[in-house]
Amino acid sequence: MHCRLGLYVVWVGVAAAGCDGQVVLPSAPKAPDGTSARCEVGPGRVIARRLTRLEYNNTVRDLFTFDTGHPADDFPDDVTGGDAVNNTGLTVSDLFFEKNEIAVTALAEQAIAHGFVKCDPAAMDKHLCARQTLEPFMRRAWRRPVSAEEVDAVVSYVDQVAAETGESDPFGQAIKLGIEHVLLSANFLFRFELLADPQTTAAQPLDSYALASRLSYFIFGSMPDDALFAAAKSDALLDATQLEAQVRRMLADPKARHLVEKLAGEWLWANRVDWVNPKASLYPNFDATLRQSLKQETTLFVNEFLQGDHDYRDLLDADFTFANARLANHYGLPDASGFNDTFVKTSLASTPERGGILTQGALLAATSAPLNIPTAEIAETNVIVRGKFVLQYLLSSPLPSPPANLDIAQIQADAQKDIPPGAPRKVREGVRQQTMPCAGCHVHLDPIGFSMEHFDVTGAWRTHDGQQTAVDSTGVLKDNEGNLVGSFEGARSLGTLLKKDPRFSSSLARAVFTAALGRTATTEEQCRLQRLGALADERGHRLSELIVFMTQDSAFTQQQGEAP
C-alpha cells in the first residue's frame, strides 16, 4: 500500500445567533453638519471556508482539461435548509472524507488516463519531470504560489513508489499519488486567507492571490481563471482601476451565471422550490417539469438585471418575465399556445396582475412552506412566511420569533371562537393583528402576506382561497416605527410601493455582501450596506454597479485577524 499524506483539518463553525426583538434599521449616520458621515466599521473577519459541493464541482471542472462530471454531487448535503449563500458553517464529517477520497481517486486516475504528464521521465530526470508536472498543478489547485518544501513533499512520491516492487508504471503511480495529495489537502478543500499578522484585529489588506480567490468564487463559484491568476501574479488587483476592470470582465463571462443562480436561489428562495411539497390531490399539475420551470424563470429574470440595462428596483414590479410553454399555461398568459420548451423574454403588459418577483411562482411556492419544515405537505398558502420574506429579505427588517412558551394555536382558537366558519380567510386570520402579544408582529407581517393571496401554493392565479372564500389582497405597508408608507392592492401593487422604500437598496446590498463574503453583515455594518446601496443608486440603480462597489469595499479587499 502506498504511503499517502494524511489530511488534518481544524474547522471552526459559526453558530447562528438568535433574535430577541425586532431589528429596527438605524438611519444613515450623520456628521454634525447633517451630511452623511463616514461608516467607521472594520472589514470584519472571514474564517476559512470549505468549498461547497457546487464550488467543488466547478473547481475541478476548471482545474482539469477533461470532463470531470459532478463528483461532489455524492458528498453530504451542504445544508438541509436555511441560507446556503453563507457557507461559513459547512462541516467536514467522516462521510464527507470518505466520499471526497473516492472522488479524488477517480479524478487522479482520469487525469493520468488523459495525458496529465507532459514530459517523458525516460528522457529526463524523473524528479524534474515530476516537478514540472505537479508544481503548476499545485499552484492552480491551491490558488496561490507554493513553496519548494511543499513541492518536494509531493515529488517525494517518485522515490516512495520506486522503492516498492510490482508496480508496472511507477512514475505514473507517483504522479497519481501526487494529484491525490494535492486534492486531499486542506489547501484545496478550504479557502484560506493568510494574513501578515493573524493575531491582530487591525484591518489588513488581502494579498493578490487571496483577493483573486475571493473575486473568483464570488462571481464564478470556482477557482481563478488564467487572466485572474496573471493579475494576481503582477499585483494588478491591488490597483482599484485594475480590480474594477477584472470585475467587469468577469461579469460579462458566461461563468457569471454562478452569481446569478446564487442570488436567485438563495436571496429570492428559488432553490427552496426543490423542497416544496404541494398536496398532490389539490395541486395535481405540480410536477418536476413545473418545479424546474419556476426556478428557471427567476434565474433568467435576475440574469436580465445583471446583463441588461435595468434599474434593479424594477425587480419588484417589472412588466416582463421569462416563460416557456409550461409556465405560460400555468400562469394563464395570453397566447400560451405560441410558446414552446424554450424560455423567452415575455411582456406582461396584458397580464396586469403579474410583474416582479412577488408574482413569480418560485417565490410564491417557497414561501408557502413552513420555515422549519420546508418539505412538509402544503395545502394552503402561508401568509406569515410570505410577509416575513418581504420584511427580512427585501426590507432588511426581520421580526422576532414568537416566545417559545406561547400557545399560538390556543390563542388563535380563542380569538376566532365568535367568527363564522365561512368567513373570509382575512377575517379568520386577521385576529392575529388585534390579539396580544401577536399583534406587535402580525400588524406588519399579515398585510404583506395577504397581498399575495391571489396566487396559490404553486403560483397560479386564483380569485378564491382554499375554502372558496373571495380573496382580499388589499393592505397597507408600515415602516419600522409603525408609520404608514402607503396602501396597495395585490402583490404587484405592493412591489411598486416597495420600489420607493430606501430599505430595498440596502437589502439588495446585503444579499450581494453575503454572496461575496460568505457571511452575513453585522448590525454594525448596516451603515456599510446603506452606503453601498446609495453608491449604486447614484450609478442608475444597476446591479452590476452594486457588485463593482462591493468588490471595492474594504470588507472585500481587507481582512481582520483574531486576538489571541
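Helices and strands here are DSSP runs, with helices (H or I) of at least four residues and strands (E) of at least two, numbered from the N terminus.

**Figure 1. Overview of the predicted model.** Welcome to the whole chain, shown as a predicted model. The protein chain has 23 helices and 10 strands. Of its 564 residues, 52% count as buried. Looking at contacts between residues at least 6 apart in sequence, 70% join residues at least 24 apart. The structure also holds 31 salt bridges, and a few of these get their own views below.

**Figure 2. The largest nonpolar core and one of its well-connected members.** This core is made up of 151 residues. Tyr56, Phe64, Ile179, Phe188, Ile219 and Leu394 touch the most other members. Helix H20 provides the largest share of the core, nine residues. Take Ile219 as a place to start exploring: leaving aside neighbours within four places in sequence, isoleucine 219 is in contact with Val247, Met250, Leu251, Lys255, Ala256, His258 and Leu259.

**Figure 3. Helix H1, a mostly covered helix.** H1 spans residues 53-63, and eight of its 11 residues are buried. The buried set consists of Glu55, Tyr56, Asn57, Asn58, Thr59, Val60, Asp62 and Leu63. Readers coming from the previous view will recognise Tyr56, one of the residues that touch the most other members of the largest nonpolar core.

**Figure 4. Helices H11 and H20 where they cross.** The axes of H11 (residues 257-267) and H20 (residues 503-517) come within 10 Å and cross at roughly 120 degrees. The crossing is right-handed. On the H11 side, the contact is made by Leu259, Lys262, Leu263 and Trp267. H20 contributes Phe504, Ser507, Leu508, Ala511, Val512 and Ala515. Sorted by character, the residues of this contact divide into eight nonpolar, one polar and one charged. As for the spacing to look for along a helix, an α-helix has 3.6 residues a turn, so residues three or four places apart point the same way. Leu259 links this view to the core, as one of the residues in contact with isoleucine 219.

**Figure 5. A salt bridge between helices H10 and H22.** Glutamate 545 pairs with arginine 248, and the closest N and O atoms are 3.0 Å apart. Because glutamate 545 lies in H22 (residues 543-552) and arginine 248 in H10 (residues 240-251), the pair ties together parts that are 297 residues apart in sequence. Are the two partners buried or exposed? Glutamate 545 is buried, with a relative accessible area of 11%, while arginine 248 is partly exposed at 32%.

**Figure 6. A salt bridge between two loops.** Here aspartate 317 meets lysine 499, with the closest N and O atoms 3.2 Å apart. Aspartate 317 sits in the loop between helix H12 (288-307) and strand S5, and lysine 499 in the loop between helix H19 (491-498) and H20, so this pair joins parts 182 residues apart in sequence. Aspartate 317 is buried, with a relative accessible area of 12%. Lysine 499 counts as partly exposed, at 22% relative accessibility.

**Figure 7. A network of salt bridges.** Five residues are on show: Arg519, Glu525, Arg528, Arg531 and Asp553 are linked in a network of salt bridges. Within the network, glutamate 525 and arginine 519 form a salt bridge whose closest N and O atoms are 2.8 Å apart. Glutamate 525 counts as buried, since its relative accessibility is 2% and buried means under 20%. Arginine 519, at 9% relative accessibility, counts as buried too.

**Figure 8. Asparagine 324, a buried loop residue.** Asparagine 324 is found in the loop between strand S5 (320-323) and helix H13 (325-331). With 6% relative accessibility, asparagine 324 counts as buried. Which residues surround it beyond its neighbours within four places in sequence? The contacts of asparagine 324 are Ser293, Phe339, Asn340, Asp341, Thr342 and Phe343.

**Figure 9. Two loop residues with positive phi.** As background, most residues other than glycine have a negative phi. Arginine 143 has a phi near 60 degrees and is placed in the loop between helix H3 (126-142) and helix H4 (148-155). Arginine 143 is buried, with a relative accessible area of 4%. Aspartate 335 has a phi near 55 degrees, and its place is in the loop between H13 and strand S6 (344-347). Aspartate 335 is exposed, with a relative accessible area of 65%.

Note on methods:
Residues numbered from 1 in each chain as written. Predicted model: local features only at pLDDT ≥ 70, side-chain atom pairs only at ≥ 80, totals over all residues. Heavy atoms only, no water. Axes fitted to C-alpha atoms, helices over the stretch in contact; angles between N-to-C directions. Left-handed = near helix turned anticlockwise from the far one by under 90°. Contact = heavy atoms within 4.5 Å. Nonpolar A, V, L, I, M, F, W, Y, C, P; charged D, E, K, R; others polar. Buried < 20%, exposed > 50% of the residue type's maximum accessible area, 1.4 Å probe, protein only. Core = buried A, V, L, I, M, F, W, Y, C linked by side-chain atoms within 4.5 Å. Salt bridge = Lys/Arg side-chain N within 4 Å of Asp/Glu carboxyl O.
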